[in-house]
Amino acid sequence: MEAVRRLVLLAFLMVPCLADLNLTKSEGKSSCQASLGGSSQSDAHRALILNLHSNEDCTWTLQRPENKSIRIIFSYFQLDPDGPCESENIKVFDGNSTKASLLGKVCSKHDYIPVFESSSSTLTVQIVTDSVKSQRTVFIFYYFFSSGTSIPNCGGYLDSPKGSFTSPNYPNAHPALAYCVWHIRVEKGYKIKLNFRDIFIEADEHCRFDFIAVYDGSSTTSGLMGQVCGYVKPTFESSSDSLTVVLSTDYANSYRGFSASYTSIYAENINTTSLTCSSDKMRIIINKSYLESFTYNENNLQLNDPTCRSKISNVIDFSIPLDGCGTIKKVEDHSVTYTNIITLNPSPTSEVITRQKHLQIILKCEMEQNSTVEMMYITEDDIIQNESALGKYNTSMALFESSSFAKPILESPYYVDLNQTLFVQVSLYTSDPNLVVFLDTCRASPTPDFTSPTYDLIKSGCNQDETCKVYPLSKHYGRFQFNAFKFLNSLGSVYLQCKILICDSGDHQSRCSQGCVSRTKRDLSSYKWKTDAVIGPIRLKRDRSASGNTGFQDQIHKEETQSQPFSSLHLFSFMVLALNLVIVAVIITRHFVKQRTDYKYQKLQNMN
C-alpha cells in the first residue's frame, strides 16, 4: 500500500511539471521549466523523482505567494560517477531564475546529503548533465516553512565528555517536516563513539523519505559516514573531536524516531601512561589496562587534593592546573618545577593485610630554557620508571593602541607616522599567578631574520633608545613603548624581537627583580626559563601611499625590482664610459708619438 501511495503521489505531482516541459529542438535539450504553486495544504510539500539522460539542461522554479522559506533536500541522487562538476551538476539559486544568488552546487563527487534553504518564497533548481550515455536519477523533496518557528528538542549542541539525545517526542511519533541537527564536540585529542540504541523510522531502500545522517566533522558537509532508516542500530566512530547528526522527516508515516548515546575515546594509543606539560597545566593519561595489571581501577586514584577528579573514558585523564589540586611549586637555581602525586590506594579487604602493591605516580614539570621538560616517576614499591617529553612556553607579542594596553592592533603590516609612539606588550599564558615576565633584550631590524643591521631598544633590561620606556613588572605582561623610526638605506619595514625571562614573583634574587644591569655583571647563559617573541612588520604611512593596495610584500618586490636593476645599469654605464676614455687617450698618445718619430731634426747646410 505504501508503494501505491508513493506512485500515486508522484504521478500527481509530475503532472504540473510535464505540462510546462518544453523541448527546444534547435538546441536538442529539455528546458524542463515548471512553476509550482498553490494555496492548498497539499501544495506545501512535494516529492519528485527525476529520470534524466545525457545532454540535459533542466530548470525548475519553486514559489509560493505567502512569505515562507523553502527547504529542498536531495536525499538520493545518482549522477555520472566520472562526470566532472563543471559539466554535470545540480545548482540551487535563491530566487526565481538562474541569475539569482547561488546557494550551492552539487555533483557526484560530493559526499553529503545536499540541503538548501531559501531566504524568500522562491527558489530555482538547475540540473545539467554531460554527454555520457547513462541513466541519472534524482530524488527531490521540498516544503515551505516559516523560518521563525522551531520544533522543541530538535537539534542542539552537545559538549560533555559523554551524553545521550533522542528525536523530538521520543518514544512517541516524531514530528512531520522536521530537520534537526545535533553538533557533538568533545575535548581536543578525543574521538567520539556514537551508538544508536533504538531507531524506528520509515524504511526505504535508499532512505529517501525519512532518514538519519551522520557526518564525520562539525558540519553537514564534512563527510557522510552513513545514511540510515528503518529498524537498524548502527554504531559510528569519528576521526576527530567533532560529529554531526541529522534527522530529516517528510509529511507522512511518523514513528517513534531514535534514541542515541555517545562517549569520548582518547585518540592516541597509550600503552601505560603519558604526561604533557603546558604553561597552565600538566596532563596525565593512564591506560585502564595498565591499572588492571596491578588489580587497580579508576576508583583507587587520588591526587594531592582528593577533590580533583579525573575524566574517565577508555583512559583515565587528569588535567591538573599548575596553581591548584595540591600542585607544589619549587624555585631553585633559576628553575621552577611543579610537582603532584597520584596515589593508588588499594581496596581494603582486611584491616590487617593487603596483597596489592602500593603504587605512586609522581608527576613533575620543569620549566627549562625556552621549553618545558616533563618528567614522571612511577614508584611501584621499590621500582621507579621514568618518562620525559618536551613542550614550549605559550607567549605572544602584540602592538596596542594606547598605554592602557586594552585594545590590541590586529592590522598587519601596521602603518605608522614617523616618531609616533608605539606600545608593545609581551604576554605569558599560564594559570600560575606567581610568575612575572621580564624584558631582557628588545631589538629592531628591517628584515624578519634579524640580520645586520639591528638596533637595540632594550639591552640587559636597560633602555638603549632615548624614546624607549619600560613599564614596571606586571605579572604575566612585559610592556614598553618607543617612538617609530626608519632604518637608513633600507626598506620602510621594522620588525621587533624581544628576549624575555620568566621568574617567580617571590624570588627577590631572580634576574627579573634585578632590573637593569650591565651584561658584564650578569651572565644569562645558564639562565633556564627564557624565550623569544617577534612581531612585525611596522611601516611608515608614506610607504603605504606609494605602494597603493598591493600590500607589504608587493611593495618590497616593487622597490627591489626597481632599485637593484637601475643601480647595476648605472655602474655598468660608468665603467663603459671610463673604458672608452682610456682607449681614446691611448690612441691620441700613440698618434702623437708616431708624429714625433716621423719628423726628425736635421742640420742646416753651410751656406758659405
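Leu 194 touches Phe 165, Val 214, Pro 234, Thr 235, Phe 236, Leu 243, Val 245, Ala 260, Ser 261 and Tyr 262, leaving aside residues up to four places away in sequence, where contact means heavy atoms within 4.5 Å. The model is a predicted one, in which local features need pLDDT of at least 70 and side-chain atom pairs count only at pLDDT 80 or more, while totals for chains, interfaces and linings use all residues. Residues are numbered from 1 along each chain as its sequence is written, and side-chain values use heavy atoms, with hydrogens and water left out.

**Nonpolar cores**

Leu 194 is also one of the residues with the most contacts inside the largest nonpolar core, together with Ile 72, Phe 74 and Phe 196, and this core has 65 residues. A nonpolar core is here a set of buried Ala, Val, Leu, Ile, Met, Phe, Trp, Tyr and Cys residues joined through side-chain atoms within 4.5 Å; buried means under 20% relative accessible area, exposed means over 50%, and partly exposed lies in between (1.4 Å probe, protein chains only). Strand β11 gives the most to the largest core, with eight residues, strands and helices being DSSP runs numbered from the N terminus (E, at least two residues, for strands; H or I, at least four, for helices). Apart from this core lies another, of 53 residues, which includes Tyr 414, Val 437, Phe 482 and Val 494.

**Aromatic rings and charges**

The structure holds 20 aromatic pairs, counted when the ring centres of Phe, Tyr or Trp (its six-membered ring) lie within 6.5 Å, with planes under 30 degrees apart called stacked, over 60 edge-to-face and the rest tilted. In one of these, Trp 182 and Phe 258 meet edge-to-face, at 5.4 Å centre to centre and 85° between the planes. This pair links distant parts of the chain, since Trp 182 belongs to strand β14 (residues 179-185) and Phe 258 to strand β20 (residues 257-266), 76 residues apart. Trp 182 counts as buried because its relative accessibility is 4%, and Phe 258 is likewise buried, at 0%. Both belong to one aromatic cluster with Phe 165, Phe 196 and Phe 236.

Two charged side chains sit over rings, which requires NZ of Lys or CZ of Arg within 6 Å of the ring centre and within 35 degrees of the ring normal.

| Charged residue | Ring | Distance from ring centre |
|---|---|---|
| Arg 71 | Phe 145 | 4.3 Å |
| Lys 311 | Tyr 190 | 4.4 Å |

**An open sheet**

Four strands form an open antiparallel sheet in the order β31-β33-β38-β37, two strands being paired if DSSP finds at least two bridges between them. Strands β31 (395-400) and β37 (469-470) stand at the edges with a single partner strand each, so one side of each has no neighbour in the sheet. Six bridges join β31 to the antiparallel strand β33 (residues 421-428), and Thr 395 stands opposite Leu 428 in β33.

**Backbone exceptions**

Most residues other than glycine have a negative phi, and most peptide bonds are trans. A cis peptide bond nevertheless joins Tyr 170 and Pro 171, with omega about 5°, and Pro 171 is found in the loop between β13 (162-166) and β14. Asn 55, although not a glycine, has a positive phi of about 55°; Asn 55 lies in the loop between β4 (45-52) and β5 (57-63) and is partly exposed at 34% relative accessibility. Asn 153, also not a glycine, has a positive phi of about 60°; Asn 153 is placed in the loop between β11 (136-145) and β12 (156-158) and counts as exposed, at 62% relative accessibility.
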